[in-house]
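Got your viewer open? Let's take a walk through this structure, one selection at a time.

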Amino acid sequence: MLKQRIITAVVLLAILLPALFYPSATPFACVMLVMIGTAAWEWGRLNGYGPRMSVFLGIEMVVLCLLSWWLGLLEQRLMGVWLAASAAWVLGGALLLRGAVPGWPRIPRAVRLVGGLLALWVAWMAAVQARIWGINFLLSLLVLVWVADVFAYFAGRRFGLKFTRNKLAPSISPGKSWEGVWGGMVGVLVLALAWVWADASAQATVASLYTRLAARGWWLLLIGVLFLAAMSVVGDLVESLVKRSAGAKDSSNLLPGHGGVLDRVDALLSTLPIAMMLASL
């Protein structure tokens with residue numbers, strides 16, 4: 001399993017990194033297009049649709065993203081989209097987690113389907129527009145989610161249930177603890193402060209998310225990164241909830257040792273539009 005995880009990670013990085021650092025945003029947009037189309041196929045399967053319908057949903061998602069690209073939406077100020085998506089994630093995420101696994105099947109399947117596809121579409125536009133703004137800006141968004149996840153994992157293993165009596169969401173993801181969430185928040189705070197310092201020292205021509213927030217006030221930087229860390233947990237838990245309802249361990253087996261695409265981007269789905277909203281204020 002470890003060997004599979006390493007090989008898969010190396011292959012993914014070999015594809016993603018050249019696309020990310022290419023002078024134009026086009027290669028990155030195309031890589032993300034494949035990932036989001038695949039995630040839409042997985043979403044169809046998790047919601048009980050057959051192979052043909054799931055493939056159709058993947059193709060439909062690619063077409064929708066290409067149409068948005070062709071219409072020039074990526075070059076526009078999409079504050080309304082980011083606000084609507086952020087509100088949907090905050091309110092919808094709270095309701096979904098409150099209903100837990102038993103509440104998911106009670107939602108009409110068409111609503112579940114459309115909601116998931118819209119989340120994927122918005123995430124694609126947020127990621128590509130962030131790359132258009134600059135590599136430093138996009139990396140600051142991606143690394144925040146990775147750091148929150150890594151710090152949460154190690155804090156949870158070291159301090160889990162030492163300060164609280166209850167798990168974070170035992171019926172959805174038994175391994176997660178409140179101590180892990182707090183550890184992730186500490187991690188992103190350290191990351192944000194270090195990145196602001198690095199931007200200033202290097203006189204970065206493209207400001208990171210953290211420098212943009214700090215320029216409006218350190219209070220906004222503090223609240224913003226903590227909020228994003230919390231929402232990364234929400235994105236992760238929502239996907240876990242859907243998988244448990246579907247009786248699936250992973251969203252698919254396309255990435256040996258890593259599960260599926262949704263398993264790798266679940267936290268980004270909730271944080272990307274919120275980060276773009278904060279940066280666009």
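Here is the tour, starting wide and then zooming in.

Before you click, know that this is a predicted model, where local features need pLDDT of at least 70, side-chain atom pairs count only at pLDDT 80 or more, and totals for chains, interfaces and linings use all residues. Residues are numbered from 1 along each chain as its sequence is written, and side-chain values use heavy atoms, leaving out hydrogens and water.

**Stop 1: the whole chain.** Select the protein chain and switch on cartoon view. You'll find ten helices and two strands (DSSP runs, H or I of at least four residues for helices and E of at least two for strands, numbered from the N terminus). Follow the chain along its sequence and the pattern reads α-α-α-α-α-α-β-β-α-α-α-α. The C-alpha trace spans about 50 × 50 × 40 Å along its principal axes.

**Stop 2: inside or outside.** Now colour by burial. Of the 281 residues, 49% count as buried, meaning under 20% relative accessible area with a 1.4 Å probe and protein chains only.

**Stop 3: Leu33.** Next, select Leu33, which sits in helix α2 (residues 26-46). Is Leu33 buried or exposed? Leu33 is buried, because its relative accessible area is 11%.

**Stop 4: its neighbours.** Keep Leu33 selected and add Val62, Cys65, Leu66 and Trp124: Leu33 touches these, not counting residues up to four places away in sequence. Contact here means heavy atoms within 4.5 Å. Finally, pick Trp121, 88 residues from Leu33 along the chain; the C-alpha atoms of Leu33 and Trp121 are separated by 9.5 Å.

How values were computed
Buried < 20%, exposed > 50% of the residue type's maximum accessible area, 1.4 Å probe, protein only.
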